[in-house]
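Student: I have a model open and would like to understand the words used to describe it. Could we go through them together?

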Amino acid sequence: MAGWQSNPVNLIRVSSEKNVSPITKRPAVKRNSSKPKAPRPARPSKPFENQVALVTGGSRGIGKAIALELAQKGAHVAFNYFRSEAEAKRTEVEVKALGVECLRIKAHLGEEEKIKALFSAVEKRYHKLDILVNNAASGVQRPALELESKHWDWTMSINAKAPWLCAREAARLMPSGGKIVNITSLGSHKVLPFYFSVGVSKASLEALTRYLAVELAPLGIAVNAVSAGYIETSALKYFPNKEDMLAASRETTPAKRKLAVEDVAKVVAFLCTKDAEMIRGQTIIVDGGFSLTI
Ligand SMILES: NC(=O)c1ccc[n+]([C@@H]2O[C@H](COP(=O)([O-])OP(=O)(O)OC[C@H]3O[C@@H](n4cnc5c(N)ncnc54)[C@H](OP(=O)(O)O)[C@@H]3O)[C@@H](O)[C@H]2O)c1
């Protein structure tokens, strides 16, 4: 009779018939007990194990989803926030719950000194950086003729200048190479209502992506961008035409479902893997096909 019995370590199948295989009922092949057991095949490691990622604007929305996706895949995650302290603290707890380290830093990306301090904090804790995601963005939702010079400067400094300054700081912490992913939007090449300043800043960010892809390639750093369709994050509440935007995307997205923050995060993560090594300077559109219809 064969049956399940417990031993101190495992449950093992044992046979009462000596030298008979409990599975085949054929005489068991005698094993040389002195022979070392073959090691079990290793559990596939997470792609970003022991890597360090910095996600700007990781406190909420798309940045938070990216932070969680990279953490899920094994990266220690540093992120900055600007105003949302409570949400940033929640994100920190959620990242740590995935079994990796998290460094939460308050930093306004419109100031070069604050950017330098952000990277100093990452350097002090981890001494390196493998992944930078330039996700944070801000802007003033006005048509071109109503926009003031200070609005232009604000938007461009956070959405275009900061990603360049962050990339410059990141390159310093990536002596063995790394990945940079910039988050952009359809307004870089489509004309959208109330989107003048942000659209122009995103066009600049996409050009920056191409330049950095070439200029940082000799350092082993791959640079790409991910462009998202409309997603209902808190960013949308500043758009007077928010309901129209969401209705358009709901009605005409060929993929027939709402775009989610996780859809963007997964593509960002893919661009940070070795499998994406030959994608350089590209802007990958993640919108379920929505932009094909507008
Ligand atoms: N939502 C969409 O439909 C959509 C579509 C296409 C592309 N995108 C792009 O995706 C990215 C994230 O968008 P989202 O919708 O997730 O935005 P969001 O919910 O408004 O989050 C923006 C993030 O950026 C941070 N941030 C804003 N201003 C900052 C500053 N001056 N310094 C430092 N951090 C700052 C915010 O920090 P605090 O919370 O602490 O202020 C927050 O973490 C942006 O690049 C956006 O252009 C969004």
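**Strands, helices and a ligand shell**

Tutor: Gladly! Let's begin with one pair in this predicted model: Phe79 stands opposite Arg104 in β5.

Student: What makes β4 and β5 paired strands?

Tutor: Two strands count as paired from at least two bridges. Strand β4, residues 76-81, and β5 are joined in the parallel sense over five bridges, so β4 and β5 meet that criterion.

Student: What is the order of the strands in the open sheet?

Tutor: Seven strands make up the sheet, in the order β5-β4-β3-β6-β7-β8-β9, with parallel pairing. From one strand to the next, the twist averages 20°.

Student: Why are β5 and β9 called edge strands?

Tutor: Look at their partners: β5 (102-106) and β9 (283-286) each pair on one side only.

Student: Which helices pack on the sheet?

Tutor: Among them is α1 (residues 61-72), which touches β3, β4, β6, β7 and β8. The direction of α1 makes about 165° with that of β4. Another is α7 (residues 261-271), touching β6, β7, β8 and β9, with its direction at about 165° to that of β8.

Student: How do you know that α7 is mostly covered?

Tutor: Count its residues: eight of the eleven in α7 are buried. They are Val261, Asp263, Val264, Ala265, Val267, Val268, Ala269 and Leu271. These buried residues pack against α1 as well as β6, β7, β8 and β9.

Student: Why is Glu101 called partly exposed?

Tutor: Glu101 has 14 other C-beta atoms within 10 Å. Buried would take 20 or more, and exposed 12 or fewer. The value for Glu101 falls in between, so Glu101 is partly exposed. You will find Glu101 in the loop between α2 (85-96) and β5. Its C-alpha is 9.1 Å from that of Val52, although Glu101 and Val52 are 49 residues apart in sequence.

Student: And what makes Ser204 partly exposed?

Tutor: The argument is similar. Ser204, in helix α5 (residues 196-215), has 18 other C-beta atoms within 10 Å. Since 20 or more would be needed for buried and 12 or fewer for exposed, Ser204 is partly exposed. Ser204 and Thr184 are 20 residues apart in sequence, with 9.7 Å between their C-alpha atoms.

Student: Which residues are closest to the ligand?

Tutor: Gly57, Gly61, Tyr81, Ser84 and Ala137 are the closest of the 28 residues that surround the ligand. α1, β4 and β7 each supply at least two residues of this shell, and α1 gives the most, with three.

Student: How many residues of the shell are nonpolar, polar and charged?

Tutor: The shell has 13 nonpolar, 13 polar and two charged residues. For that count, Gly is placed with the polar class and Tyr with the nonpolar one.

Student: How confident is the predictor, and where is the pLDDT below 50?

Tutor: The chain averages a pLDDT of 90, and 86% of the residues score at least 70. Over residues 1-30, however, the pLDDT is below 50. That stretch has 23 contacts in the model beyond near neighbours in sequence. Where pLDDT is low, the predicted coordinates should not be read in detail.

Student: What does the chain as a whole come to?

Tutor: Its secondary structure comes to seven helices and nine strands, and buried residues make up 39% of its 294 residues.

Methods: Residues numbered from 1 in each chain as written. Predicted model: local features only at pLDDT ≥ 70, side-chain atom pairs only at ≥ 80, totals over all residues. Helix = DSSP H or I, 4+ residues; strand = E, 2+ residues; numbered from the N terminus. Axes fitted to C-alpha atoms, helices over the stretch in contact; angles between N-to-C directions. Contact = placed C-beta atoms within 7 Å. pLDDT = per-residue confidence, 0-100. Near = placed C-beta within 6 Å.
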